[in-house]
Amino acid sequence: MVVLGEMKRKVLPLHFLQFMRLLVVYPWTQRFDSFGNLSSASAIMGNPKVKAHGKKVLTSLGDAIKHLDDLKGTFAQLSELHCDKLHVDPENFKLLGNVLVTVLAIHFGKEFTPEVQASWQKMVTGVASALSSRYH
Amino acid sequence: MSLTKTEGTIIVSMWAKISTQADTIGTETLERLFLSHPQTKTYFPHFDLHPGSAQLRAHGSKVVAAVGDAVKSIDNIGGALSKLSELHAYILRVDPVNFKLLSHCLLVTLAARFPADFTAEAHAAWDKFLSVVSSVLTEKYR
């Protein structure tokens, strides 16, 4: 987890738009059509609503890194929101986690060793689990 | 699910670069798999899984060679991987969930080594291609 602390400083300035690759790689995640024009990869990556949402998600992940010892507590309200208001299938949290890991690999290249990846996989699994913990 | 022409072109053109590092890519993919998803080691009790082991390298090469076969016959992946499909169905019987894990680790390996090429479209194409490969490998399971 020391590794995560080191990477935190580097992750936050990352172009958060990259995380919205989710919408390009797994197009069925576009089912929530409040984003507007998602007609092509370039439309998605240039869409200001997508950008804004990417920023929200990234900020949230930054919170996760600060509270690795209590992810369930940190994400309790967000979990309820995703279930009751947003109606998001928790499978999407896993897909986003894997897209995040892939984007980190692109950004950090060789530095994103198998060991570093394993730490991040644990974290994204933890976040996905915390986000689905209040589903009912 | 089948690949579009554009997706096929992306895969084939990237493969030309990828194949020059095929063996190390295979080894790295497996290292990532075993570290991130330790349960996958249960399929290799007979292997020395230390990073850099001869068995890991040999197996990594096999896996990437098979992906290469699929790329070379990208319009007929089912035909190209038919024997492998039978092997996985009748002998290896690897649970289907593990193909997703291996595919993800291969993607991460490619992303780390070819960051400039791994655009959103390329990412989507590779994810889809590996998904097709996985389907072929599990299509005879039952």
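**View 1. Salt bridges and polar contacts where chain A meets chain B.** In this predicted model, a search for salt bridges across the interface of chain A and chain B comes back with zero. Polar contacts are another story: 10 residue pairs make them across the interface, counting pairs with both residues at pLDDT 80 or more. Together, chain A and chain B bury about 1700 Å² between them, and 62% of that area sits on carbon and sulfur atoms. The contact draws on 21 residues from chain A and 18 residues from chain B.

**View 2. The side of chain A that touches chain B.** By class, this side has 12 nonpolar residues, along with six polar and three charged ones. Four helices of chain A, namely H2 (21-25), H3 (41-46), H7 (91-108) and H8 (114-132), each chip in at least two residues. H7(A) gives the most, with six residues.

**View 3. Thr29(B), a residue with a UniProt annotation.** Look for Thr29(B) in helix H2 of chain B, which covers residues 22-36. The UniProt record puts "modified residue: Phosphothreonine" at this residue. Is Thr29(B) buried or exposed? Thr29(B) counts as buried because its relative accessibility is 2%, and the cut-off for buried is under 20%. Leaving out residues up to four places away in sequence, Thr29(B) touches Leu102(B), Cys105(B), Leu106(B) and Thr109(B).

**View 4. Ala52(A) on helix H4.** Ala52(A) belongs to helix H4 of chain A, residues 48-66. With 45% relative accessibility, Ala52(A) counts as partly exposed. Phe35(A) is 17 residues away along the chain from Ala52(A), and their C-alpha atoms are separated by 9.9 Å.

Methods: Residues are numbered from 1 along each chain as its sequence is written. Chains are lettered from A and ligands numbered from 1 in the order in which they are written. This is a predicted model: local features need pLDDT of at least 70, side-chain atom pairs count only at pLDDT 80 or more; totals for chains, interfaces and linings use all residues. Side-chain values use heavy atoms; hydrogens and water are left out. Buried means under 20% relative accessible area, exposed over 50%, partly exposed in between (1.4 Å probe, protein chains only). UniProt positions are given in the numbering used here, feature names are shortened, and annotations may be inferred rather than shown by experiment. Contact means heavy atoms within 4.5 Å. Buried area is the accessible area (1.4 Å probe) that two parts lose on being put together, summed over both. A salt bridge is a side-chain nitrogen of Lys or Arg within 4 Å of a carboxyl oxygen of Asp or Glu. A polar contact is a pair of N or O atoms within 3.5 Å; within protein, one must be able to donate a hydrogen and the other to accept it, and residues adjacent in sequence count only if both atoms are side-chain atoms. Ala, Val, Leu, Ile, Met, Phe, Trp, Tyr, Cys and Pro count as nonpolar, Asp, Glu, Lys and Arg as charged, and the others, Gly among them, as polar.
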